[in-house]
Amino acid sequence: MNNILSLLDNYTLDNADDIAKALALDFRKRRIEKNLTREQISERSGVAVANIVRFEQKGLISLKNLIGIAMSMEYTSEVKNIFAEPKFSTLEELTQIRKNTGKTRAHKQ
């Protein structure tokens with residue numbers, strides 16, 4: 001049942017603010033599961049406690065700080081690989097991705 005709900009979340013979280021808040025909530029859950037305080041995360045990551053508080057409460061954080069806290073929680077590969085694999089929703093899009101593999105610039109179509 002929990003897996004079904006998480007799948008539904010992927011379709012209902014359709015704006016950046018909602019996704020940021022969900023990400024912050026997940027971070028807080030993982031932090032608490034590991035019995036880590038915000039201060040400990042701050043020490044491990046080099047991110048100020050105030051920034052961690054703001055992230056957990058409002059979902060606001062810089063990319064650099066997000067990477068820092070992710071690394072401090074051993075989520076380095078997940079963050080590092082966020083754009084590692086191409087995604088496509090149609091066969092035409094997959095064909096375009098394959099055609100453009102290895103290119104260094106995008107051109108107007």
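Modeller: Let's settle one word before we start: buried means under 20% relative accessible area, exposed means over 50%, and partly exposed is anything in between, with a 1.4 Å probe and protein chains only. This is a predicted model, where local features need pLDDT of at least 70 and side-chain atom pairs count only at pLDDT 80 or more, while totals for chains, interfaces and linings use all residues. Residues are numbered from 1 along each chain as its sequence is written, and side-chain values use heavy atoms, with hydrogens and water left out.

Biologist: Okay, what makes up the fold, in helices and strands?

Modeller: There are 7 helices and 0 strands, giving the pattern α-α-α-α-α-α-α along the sequence. Both kinds of element are DSSP runs numbered from the N terminus: H or I of at least four residues for a helix, E of at least two for a strand. Of the 109 residues, 17% count as buried.

Biologist: Which residues of helix H5 are buried?

Modeller: In H5, residues 63–72, they are Asn-65, Gly-68, Ile-69, Ala-70 and Ser-72. They pack against H2, H3 (38–45), H4 and H6 (76–80).

Biologist: Why is Ser-72 called buried?

Modeller: Its relative accessible area is 10%, and the cut-off is under 20%, so Ser-72 qualifies. Ser-72 touches Ile-41, Arg-44 and Ser-45, leaving out residues up to four places away in sequence. "Touches" has a cut-off too: contact means heavy atoms within 4.5 Å.

Biologist: What makes the Ser-72 side chain's pairing with the backbone oxygen of Ile-69 a polar contact?

Modeller: A polar contact is a pair of N or O atoms within 3.5 Å; within protein, one must be able to donate a hydrogen and the other to accept it, and residues adjacent in sequence count only if both atoms are side-chain atoms. The backbone oxygen of Ile-69 lies 2.7 Å from a polar atom of the Ser-72 side chain, so the distance passes.

Biologist: Glu-56 is a charged residue. How do you know whether Glu-56 is buried or exposed?

Modeller: Glu-56 comes out at 11% relative accessible area, so it is buried. This residue belongs to helix H4, and its side chain makes a polar contact of 2.7 Å with the side chain of Arg-38. Beyond its neighbours within four places in sequence, Glu-56 is in contact with Ala-24, Phe-27, Arg-28, Arg-31 and Arg-38.

Biologist: How do H2 and H4 pack?

Modeller: H2 (residues 16–33) and H4 (residues 49–58) cross at about 120°, with axes 7 Å apart. Axes here are lines fitted to C-alpha atoms, for helices over the stretch in contact, and angles run from 0 to 180 degrees between N-to-C directions. The residues in contact include Ala-20, Leu-23 and Phe-27 of H2, and Ile-52 and Phe-55 of H4. By class there are 6 nonpolar, no polar and 5 charged residues. Nonpolar covers Ala, Val, Leu, Ile, Met, Phe, Trp, Tyr, Cys and Pro; charged covers Asp, Glu, Lys and Arg; the others, Gly among them, are polar.

Biologist: What makes a set of residues a nonpolar core?

Modeller: The members are buried Ala, Val, Leu, Ile, Met, Phe, Trp, Tyr and Cys residues joined through side-chain atoms within 4.5 Å. The largest one has 9 residues: Ala-24, Phe-27, Leu-36, Ile-41, Val-47, Ile-52, Phe-55, Ile-69 and Met-73. H2 and H4 each supply at least two of them. Nonpolar side chains tend to be buried together in soluble globular proteins.

Biologist: And Asn-15, why is that one called partly exposed?

Modeller: Asn-15 sits at 32%; partly exposed lies between under 20% and over 50%, so the label fits. Asn-15 is in the loop between H1 (2–12) and H2.

Biologist: Which of these labels does Asn-35 get, and how do you know?

Modeller: At 66%, Asn-35 counts as exposed. It lies in the loop between H2 and H3, and its phi is positive, near 60°, in a residue other than glycine. Glu-74, in the loop between H5 and H6, also has a positive phi, about 70°. At 64% relative accessibility, Glu-74 counts as exposed.
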